Amino acid sequence: SDALQAAINQVKKEKNFGILFIPEGKYRISKTIYIPNAIRLIGYGKNRPEFILGANTPGYQEKQNYMIWFTGGLVEEGQEPRDAGAGTFYSALSNINFRIEKGNPEAVAIRSHFAQHSFISHSIIRIGEGKAGMYDVGNEIENVRFYGGEYGINSGRTSPGWPMMMVDTYFEGQRKAAILTREVGFA
């Protein structure tokens, strides 16, 4: 987690925007990874890389918590994150899978409250016993598959109430609903 966060922060500090390529493999996430505006994570290789929240990871049992959180800027150690918002453009995650293992009932794979020119695509999110695959949606979701969880997507109004598009998306095995929406208008 620390190495991934350091690489993301380096791209942001050096260029203020860019793509971080994630090679195929399995990556254990032990805390929230913050992705600032205009940074994109793209997986590559014969097999998609997979981010895994290990069983009983501290911080994912009592209060809703995220594996990936798209933010409105860099989050330095000890700072509270500023959520992505109406001015958060060009953020993305593509071709990366997620898995939430047992003992993480409040885990959410991705928080993506970003705005235009931002997307989540080509991902399989195995939520298991976790809370949701995505919390707060942004500009576009394409070719994403949600398995298990309390919800596939749990979202309030997009940022700042702009339209959002969801295509080629699949839901299976949610305990309460595939989508819980409040003023999003796509369900």
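Let me start with a network: salt bridges link Lys-26, Glu-50, Arg-99 and Glu-101. A salt bridge here is a Lys or Arg side-chain nitrogen within 4 Å of a carboxyl oxygen of Asp or Glu. By that rule the count is ten.

Some ground rules. This is a predicted model, where local features need pLDDT of at least 70, side-chain atom pairs count only at pLDDT 80 or more, and totals for chains, interfaces and linings use all residues. Residues are numbered from 1 along each chain as its sequence is written, and side-chain values use heavy atoms, with hydrogens and water left out.

Now three individual pairs. Lys-31 bridges to Asp-2, with the closest N and O atoms 2.6 Å apart. That pair links distant parts of the chain: Lys-31 is in the loop between β2 (26-29) and β3 (33-35), Asp-2 is in helix α1, and they are 29 residues apart. Helices (H or I, at least four residues) and strands (E, at least two) are DSSP runs, numbered from the N terminus.

How exposed are the two partners? Lys-31 is partly exposed at 37% relative accessibility. Asp-2 is exposed at 53%. The cut-offs: buried is under 20% relative accessible area, exposed is over 50%, partly exposed is in between, with a 1.4 Å probe and protein chains only.

Second pair: Glu-76 and Lys-13, 3.8 Å from N to O. Glu-76 sits in the loop between β6 (65-70) and β7 (92-94) and Lys-13 in helix α1, so this bridge ties together parts 63 residues apart in sequence. Glu-76 is partly exposed at 34%; Lys-13 is exposed at 53%.

Third pair: Arg-111 and Asp-136, also a salt bridge, 3.8 Å from N to O. Are these two buried or exposed? Arg-111 is buried at 14%, and Asp-136 is buried at 8%.

On to the largest pocket. Its volume is about 260 Å³. A pocket is an open set of points on a 1 Å grid over the protein atoms alone, where a 1.4 Å probe fits, with protein on both sides within 12 Å along at least five of seven lines; lining residues have an atom within 4 Å of a point. The volume is the space filled by probe spheres set on those points, which are joined across faces, edges and corners.

Which residues line the pocket? Among them are Asp-2, Lys-31 and Glu-76, which we have just met, plus Gln-5, Asn-9 and Tyr-34. Helix α1 (residues 2-15) gives the most to the lining, with three residues.

Last stop, Phe-171, in strand β15 (residues 170-172). Its C-alpha is 9.2 Å from that of Tyr-151, 20 residues away along the chain.
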